[in-house]
Amino acid sequence: MRKLVLQLGMSLDGIMAGPRRVTAPHDDEVDRWKIEALRDAGAHLMGRTTYLEMAAHWPTATSDYAAPMNDIPKVVFSKTLDQADWPESRIARGDLTDEIAALKQEPGGDLIAHGGPTFAQELSRRCLVDLYRLVVLPGVLGAGSPLFADLPDAIDLELLALKRFPSGAVGLVYQPR
């Protein structure tokens, strides 16, 4: 059975989106670490807002991220999106828990979820994430959307991997206990 891996960056205080940004220097090692997880992915999962942003960017991009983002199938979770024109995309309109359960049963590599706040928070609230693959940036924001908001219960995590990067960022991989 495939795993759902939530891969995203956040500030030290857990903020993944908001009006402010951490201004850490660019780090090629962080890029390589993130791309490593994408190469064997079976599908990219995302909400509507993230999908629209990525679909506007990746088809014409030339960075090392471009091939895994464009070539690997994408599933966008939306009840309002009319069509998904980015190649290799489909729309999931059903219940999030049911849709994820069905995707996990399909053959192929792990499911890499790219979080906008609403989507990532909902995956955590419903305990659908099998691995958290996080890049913690060296800065605090104090305001914005935290990864873990309005959880119905605590999530106990086990650290599987830790990677320090030259920029001061840290890569962490956790699985729920």
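In this predicted model, the largest nonpolar core has 25 residues, and those touching the most other members are L6, L8, L45, F77, I100, L123 and L147. Two or more residues each come from strand 1, strand 3, strand 4, helix 4 (96–105), strand 6, helix 5 and strand 7. Strand 1 is the leading contributor, giving four residues to this core. I100 illustrates how the core is knit together: leaving aside residues up to four places away in sequence, I100 touches L4, L45, F77, L123 and L128. A separate core of 24 residues lies apart from the largest one and includes W33, A41, M54 and V173. In soluble globular proteins, nonpolar side chains tend to be buried together.

**The sheet**

The sheet is open and consists of eight strands in the order 5-4-3-6-1-7-10-9, with mixed pairing. Strand 5 (89–92) and strand 9 (157–164) are the edge strands; each has a single partner strand, so one side of each lacks a neighbour in the sheet. From one strand to the next, the twist averages 25 degrees.

The following table sets out four of the strand pairs.

| Strand pair | Direction | Bridges | Residues opposite each other |
|---|---|---|---|
| Strand 3 and strand 6 | parallel | four | M46 and H114 |
| Strand 1 and strand 7 | parallel | seven | L6 and Y132 |
| Strand 7 and strand 10 | antiparallel | five | R133 and V173 |
| Strand 9 and strand 10 | antiparallel | seven | R164 and V170 |

Several of these residues also belong to the cores described above. L6, which stands opposite Y132 in strand 7, is among the residues with the most contacts in the largest core. V173, the bridge partner of R133, is a member of the other core. Strand 7, which is joined both to strand 1 and to strand 10, is mostly covered, with six of its seven residues buried. Strand 9 and strand 10 form a hairpin with five residues between them, and G168 in the turn has a positive phi of about 100 degrees.

**Helices on the sheet**

Helix 2 (residues 48–57) lies across strand 3, strand 4 (74–77), strand 5 and strand 6, and runs at about 120 degrees to strand 3. Helix 5 (residues 117–125) also packs on the sheet, where it touches strand 1 (4–11), strand 3, strand 4, strand 6 and strand 7 (131–137). The direction of helix 5 makes about 125 degrees with that of strand 1.

R48 belongs to helix 2. With 36% relative accessibility, R48 counts as partly exposed. Apart from residues up to four places away in sequence, R48 touches V76, F77, S78, T80 and L81. One of these contacts, F77, is also touched by I100 and is listed among the best-connected members of the largest core. The C-alpha atoms of R48 and A66 are 19 Å apart in space, and the two residues are 18 apart in sequence.

**Helix 1**

Helix 1 (residues 28–39) comprises twelve residues and spans 16 Å from its first C-alpha to its last, close to the 16 Å expected at 1.5 Å a residue. Its buried residues are V30, D31, W33, I35, A37 and L38. Of these, W33 is a member of the core of 24 residues. At the N-terminal end of helix 1, D27 acts as a cap, with a side-chain oxygen 2.9 Å from the backbone nitrogen of E29.

**Residues with positive phi**

Most residues other than glycine have a negative phi. Which residues have a positive phi without being a glycine? E88 is one of them, with a phi of about 70 degrees, and D150 is another, with a phi of about 55 degrees. E88 is found in the loop between strand 4 and strand 5, whereas D150 is placed in the loop between strand 8 (145–146) and strand 9. E88 has 47% relative accessibility and therefore counts as partly exposed. D150, at 65%, counts as exposed because the cut-off for that class is over 50%.

Conventions
Residues are numbered from 1 along each chain as its sequence is written. This is a predicted model: local features need pLDDT of at least 70, side-chain atom pairs count only at pLDDT 80 or more; totals for chains, interfaces and linings use all residues. Side-chain values use heavy atoms; hydrogens and water are left out. Two strands pair if DSSP finds at least two bridges between them. Axes are lines fitted to C-alpha atoms, for helices over the stretch in contact, and angles run from 0 to 180 degrees between N-to-C directions. Contact means heavy atoms within 4.5 Å. A nonpolar core is a set of buried Ala, Val, Leu, Ile, Met, Phe, Trp, Tyr and Cys residues joined through side-chain atoms within 4.5 Å. Buried means under 20% relative accessible area, exposed over 50%, partly exposed in between (1.4 Å probe, protein chains only). The expected span of a helix is 1.5 Å times one less than its number of residues. A polar contact is a pair of N or O atoms within 3.5 Å; within protein, one must be able to donate a hydrogen and the other to accept it, and residues adjacent in sequence count only if both atoms are side-chain atoms.
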